[in-house]
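Please examine the structure below alongside its sequence. The paragraphs that follow proceed from individual strand pairings to sheets, domains and chains.

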Amino acid sequence: MIEIKDLSVNYVAQGERQSVLEEVNLELAAGETCAIIGPSGCGKSTMLKVVAGIITEFRGEVLIDGQPVCPKQQKIGFIPQNYGLLPWKNVYDNIQLGAKLKNKNQNTDKEKLAAFLKQLGLSGLERRYPGELSGGQQQRVALARSFVLKPDLLLMDEPFSALDAITREEMQQVFLSIWRKYSVSTILVTHYVEEAVYLGQKIVVLSGTPGKVSKVIDNPHFGVENIRSRPEFFELCRELRKMIKEDWSR
Amino acid sequence: MTKIRRGIWYIYAALFFFALWYVLAAIVNLPIIPSPVKVVSNLFTIFLGKIAVHAVYSLWRIVAGVFLSIVIGIPLGLFMGYFPRLDGAFAPLVYLTYPIPKIALLPIIMLLFGLGEASKIIMIFLIIVFQVVVAVRDGVYSIPKETYYPLYSLGANFLAIFREILIPASLPKILTSLRVAMATAISVLFFTETFGTEYGMGYFIMDAWMRVNYIEMYSGIVVLSCIGLSLFGLIDYLERCWCHWQYK
């Protein structure tokens with residue numbers, strides 16, 4: 001379970017104190033996915049970095065299974081917008097990096113890893129470098145790196161936004177299929193309404209500067225087969241879009 | 001395939017250079033520019049007996065100087081790049097001393113460290129270390145912040161950041177800085193070797209000049225050039241081994 005209580009974050013930019021997030025409250029059950037949608041500058045990436053343990057100066061509380069965020073003790077997978085692969089490591093070493101840092105002496109099960117690579121369509125690419133891969137393939141490597149750890153929490157910052165529309169839908173499906181297998185608690189930040197509705201069991205609308213939670217929607221259509229071609233899906237997207245428009249224009 | 005083709009171009013360039021030298025020597029027709037044929041054949045006869053020991057001395061001084069610069073310059077540059085506060089403290093020092101022509105300090109260095117090996121190695125060190133420090137620091141600066149995030153959220157300690165990100169990311173810049181500094185280092189080596197020693201290519205070349213033995217002098221120049229060339233090639237080779245991810 002992930003709990004965010006009264007989270008406020010301030011930045012000091014050019015000698016001025018700026019508030020980025022104010023009094024954000026959020027709860028996420030274990031194994032649930034949560035999509036955060038908001039306009040640029042509403043602090044959604046900041047929020048993700050706080051939960052990832054990258055930003056450590058904040059007020060309020062962020063708890064993972066009742067414990068304050070501590071990257072050294074918890075397993076947190078973080079996928080930044082550019083996938084965060086190390087260009088000097090090949091696919092295999094990039095995927096192993098998390099395991100290398102986390103369980104120092106333990107070797108990961110080679111067969112398991114091979115099966116995982118196969119599921120993600122990365123077999124045969126182990127010796128390639130990130131620079132030799134397409135955006136979609138890089139995204140798969142980033143997913144593999146996070147999931148191989150079986151993290152307590154997975155965080156994704158606009159994970160699919162750099163991909164073309166077709167690849168994006170494919171990757172969203174890939175994500176859902178591995179998520180189903182491992183059911184890892186996931187928070188993802190997006191600015192696509194469709195992505196939020198397709199991937200979020202819970203959809204959180206952030207708005208304003210400083211960012212505040214303006215709505216939390218429990219998504220009834222999450223995980224339904226072929227939901228993307230059904231009218232309910234479009235209906236919810238339309239509603240959400242309308243909601244957001246009203247909300248953000250205020 | 002492309003590797004072989006590139007190798008062939010180097011051979012063409014060398015041939016072209018020697019042809020140019022040959023023609024020049026034929027036109028001028030003075031002992032001050034001997035024909036390359038004479039120089040090379042002389043080189044083969046005297047290399048082992050006369051030049052090798054000088055070449056070894058020069059090589060050792062350069063390698064020692066470069067080694068010292070790497071051992072001190074890389075950690076300093078990495079710390080300066082990674083910890084802005086440290087950079088704030090050290091950068092003014094580095095910037096103030098960087099443009100000072102270190103060769104002008106040779107008399108002082110010689111007074112302090114004597115006429116022997118130490119002062120020559122320290123001179124080379126002084127010239128290379130600044131380029132290494134600045135290159136490494138800038139290399140670390142230019143790493144996008146996002147590169148660190150997945151490692152931070154995995155709870156990586158400083159040592160892991162050092163090993164997985166800082167070193168591999170700045171390695172290409174380190175090698176480039178060494179390559180640039182190497183040419184200067186060899187010139188400086190030549191200069192320092194004209195004082196207080198009877199070994200080294202600098203000494204050999206100047207000594208041959210004094211004895212008006214131009215063929216030997218040219219043989220020395222060719223050997224010193226070859227030392228520079230092979231160090232240059234070695235750095236190139238290391239870059240291709242360690243940093244081949246760059247070209248993907």
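A:Ile4 has A:Leu26 as its bridge partner in β2(A). This model is predicted, and the pair just named belongs to an antiparallel pairing between strand β1 (residues 2–13) and strand β2 (residues 16–28) of chain A, which extends over 9 bridges. The hairpin made by β1(A) and β2(A) has 2 residues between the strands, and in it A:Gln14 adopts a positive phi near 50 degrees.

β1(A) also pairs with strand β4 (residues 59–64) of chain A; the two run antiparallel and are joined by 5 bridges. One residue to locate here is A:Lys5, whose bridge partner in β4(A) is A:Glu61. When following such strands by eye, it is useful to recall a general rule: side chains in a regular strand alternate between the two faces of the sheet.

Attention may now turn to another sheet of chain A. In which order do the strands of the open sheet lie? The 6 strands follow the order β6-β7-β8-β3-β9-β10, and their pairing is mixed. β6 (76–79) and β10 (212–218) of chain A each have a single partner strand and stand at the edges, so one side of each remains without a neighbour in the sheet. Ignoring direction, neighbouring strands of this sheet are turned by 15 degrees against each other on average.

Within this sheet, strand β7 (residues 153–157) and strand β8 (residues 186–190) of chain A pair in the parallel sense, with 4 bridges between them. A:Leu154 finds its bridge partner in β8(A), namely A:Thr186.

Helices accompany these strands. Helix α1 (residues 44–51) of chain A lies across β3 (33–37), β7, β8 and β9 (202–207) of chain A, and runs at about 155 degrees to β8(A). Helix α7 (residues 231–249) of chain A also packs on the sheet, where it touches β3, β9 and β10 of chain A. The direction of helix α7 of chain A makes about 20 degrees with that of β9(A).

On a broader scale, the domain assignment divides chain A into domain 1 (2–75 + 151–249) and domain 2 (82–149). Domain 1 is thus listed as two segments of chain A, and domain 2 as one. The C-alpha centres of the two domains of chain A are 24 Å apart. How many residues are in contact between these domains? In chain A, 15 residues of domain 1 are in contact with 11 residues of domain 2. On the domain 1 side, helix α5 (residues 165–182) of chain A contributes the largest share, 7 residues. By class, that side of domain 1 of chain A comprises 12 nonpolar, 1 polar and 2 charged residues.

The second chain may be considered next. Chain B has 9 helices and 0 strands. The C-alpha trace of chain B spans about 70 × 55 × 30 Å along its principal axes. Of the 248 residues in chain B, 30% are buried. Among contacts in chain B between residues at least 6 apart in sequence, 73% link residues at least 24 apart.

Finally, the two chains meet. Their contact takes 20 residues from chain A and 15 residues from chain B. On the side of chain B that touches chain A, α6 (149–153) and α7 (158–192) of chain B each supply at least two residues. The residues on this side of chain B comprise 9 nonpolar, 3 polar and 3 charged.

Definitions and conventions: Residues are numbered from 1 along each chain as its sequence is written. Chains are lettered from A and ligands numbered from 1 in the order in which they are written. This is a predicted model: local features need pLDDT of at least 70, side-chain atom pairs count only at pLDDT 80 or more; totals for chains, interfaces and linings use all residues. Domain bounds come from an automatic or database domain assignment. Two residues are in contact if their C-beta atoms, placed from the backbone, lie within 7 Å. Ala, Val, Leu, Ile, Met, Phe, Trp, Tyr, Cys and Pro count as nonpolar, Asp, Glu, Lys and Arg as charged, and the others, Gly among them, as polar. Two strands pair if DSSP finds at least two bridges between them. Axes are lines fitted to C-alpha atoms, for helices over the stretch in contact, and angles run from 0 to 180 degrees between N-to-C directions. A residue is buried if 20 or more other C-beta atoms lie within 10 Å of its own, exposed if 12 or fewer, and partly exposed in between; C-beta atoms are placed from the backbone.
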